[in-house]
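Work through the exercises below with the sequence and the model open. Try each task before reading its solution.

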Amino acid sequence: MTRHAIFIVAILSPIPEHLDTVRAWCGDVAAVVRSVGKRSLAGQLSCVCGFGSAAWDRLFGAPRPAQLHPFSAIGTGDRLAVSTPGDILLHIRADEKDLCFELAAQLLKKLGDAVTVVDEVHGFRYFDQRAMIGFVDGTENPEGHEAFDYTVIGQEDAPFSCGSYVLVQKYLHDMKGWNALTVETQENIIGRHKQSNIELDADVKPSYSHSSLTTLTDEQGNEVKILRDNMPFGKPGMREFGTYFIGYARSPQPIEQMLENMFIGRPAGNYDRLLDFSRAVTGSLFFTPSVPLLETLADRTTASGST
Ligand code: HEM
């Protein structure tokens, strides 16, 4: 986890020649990250690039990541995980904001008119890793080997091994409504104690709590986890208070299942009350290639034969 992050979602230009620019850019990304990152080693600069389903087909053709698909909206009415356009994702992270800013500027400069940025969020770490809603965020993230196993594609899709899937959603919070709740009600909604960050005991934790609804097990009863790196963001003067959700997994399935549990409910109707105070305004799914694959994508030829 870093102190700062910039999340950029862009869409591809409709002009076919611009696809060449983006493919060439894939071969440059690692060098640009190295160049900017070397300016402050302590800053821990890194960048993950993701490609949406339609963009993959336009840019790289076959073969394609086995589970890459457009994100379909989940839920209805006021409780809707929307699906919004997104061809390229940049998840830029560092402990120093200037590093994130410089890398974003350099990478976008190289892309030029080949893309249009449709969303850009500058996130920051809030006190002791707390989300905008005041609870510590990220506690139950898998770590080390476990994180690798849950998030990194293996032999199940060999050409895309060492890549990952990532789903992003931008949430805006009704902080007035949230802060009007008692701390006890908030704790029941999240499933953890607010101040101490200790999980509520199983016999009192509501089945509608965020923690309960996002806990998944497979057919063998083993827990299935995802890796989150959410960031608070906002503009107090504009009354904007948000959480940028970003979840990585080896397959989109667990992330989408968690969203179904949150937005529709498990069982239906037993939904995540956090959503009474949080509205998803974006939502897109991407495949993130490994560094070696990203470099070779520069040489890919699409089905239509353009290089
Ligand atoms: C409004 C946006 C969100 C906020 C503010 C938020 C906040 C939190 C907080 C405070 C926790 C408890 C501490 C922790 O383990 O991290 C948590 C847990 C978790 N969240 Fe979220 N979250 C949001 C959206 C999501 C979404 C969209 C997903 C999945 C699609 C998700 C998946 C999880 C998971 C898997 C856990 C760990 C559950 C456990 O094992 O107890 N969250 N979240």
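**Exercise 1. Find the residue that follows α8 and give the sign of its phi. Then describe the helix itself.**

Solution. The model is predicted.
Step 1: G265 follows α8, and its phi is positive, near 115°.
Step 2: Count the helix. α8 has 12 residues. From first C-alpha to last it reaches 16 Å, close to the 16 Å expected at 1.5 Å a residue.
Step 3: List the buried positions. In α8 these are P252, P254, I255, M258, L259, N261 and M262.
Step 4: Recall the helix repeat. An α-helix has 3.6 residues a turn, so residues three or four places apart point the same way.

**Exercise 2. State which residues are closest to the ligand, and which elements give two or more residues to its shell.**

Solution.
Step 1: Take the shell as a whole. The ligand is surrounded by 26 residues.
Step 2: Pick out the closest. They are F135, E140, S211, T214 and M258.
Step 3: Assign the elements. β7 (164–173), α7 (210–213), β12 (240–249) and α8 (252–263) each give two or more residues to the shell.
Step 4: Sort by chemistry. The shell holds 12 nonpolar, 10 polar and four charged residues.
Step 5: Link back to Exercise 1. M258 is among the residues closest to the ligand, and M258 is also buried in α8.

**Exercise 3. Work out which strands pair with β12, and in which sense.**

Solution.
Step 1: Check the cover. β12 is mostly covered, with nine of its 10 residues buried.
Step 2: Start with β7. β7 and β12 pair in the antiparallel sense over eight bridges. Here V166 stands opposite Y248 of β12.
Step 3: Go to β10, residues 227–228. This strand pairs with β12 in the antiparallel sense, over two bridges. R228 has G247 of β12 as its bridge partner.
Step 4: Go to β11, residues 231–235. The pairing with β12 is antiparallel, over five bridges. M231 stands opposite Y244 of β12.
Step 5: Look at the turn. β11 and β12 form a hairpin with four residues between them. R239 in that turn has a positive phi of about 55°.

**Exercise 4. Set the two UniProt domain annotations against the model.**

Solution.
Step 1: Read the N-terminal record. In an unreviewed entry, UniProt lists residues 3–125 as "domain: Dyp-type peroxidase N-terminal".
Step 2: Describe that span. Its end C-alpha atoms lie 5 Å apart. It is 36% helix and 31% strand.
Step 3: Read the C-terminal record. The UniProt annotation "domain: Dyp-type peroxidase C-terminal", also from an unreviewed entry, covers residues 128–291.
Step 4: Describe this second span. The end C-alpha atoms of residues 128–291 lie 31 Å apart, and the span is 24% helix and 24% strand.

**Exercise 5. Classify D299 and L108 as buried, partly exposed or exposed.**

Solution.
Step 1: Locate D299. It sits in the segment after α9 (291–297).
Step 2: Count its neighbours. D299 has 11 other C-beta atoms within 10 Å. The cut-off for exposed is 12 or fewer, so D299 is exposed.
Step 3: Locate L108. It is found in helix α3, residues 97–111.
Step 4: Count again. L108 has 16 other C-beta atoms within 10 Å, so L108 is partly exposed.
Step 5: Compare sequence with space. D299 and G27 are 272 residues apart in sequence, yet 8.3 Å apart C-alpha to C-alpha. L108 and D28 are 80 residues apart along the chain, and their C-alpha atoms are separated by 12 Å.

Terms used
Residues numbered from 1 in each chain as written. Predicted model: local features only at pLDDT ≥ 70, side-chain atom pairs only at ≥ 80, totals over all residues. Near = placed C-beta within 6 Å. Nonpolar A, V, L, I, M, F, W, Y, C, P; charged D, E, K, R; others polar. Expected span 1.5 Å × (residues − 1). Buried ≥ 20, exposed ≤ 12 C-beta atoms within 10 Å, placed from the backbone. Pairing = 2+ DSSP bridges. UniProt positions renumbered as here; feature names shortened; annotations may be inferred.
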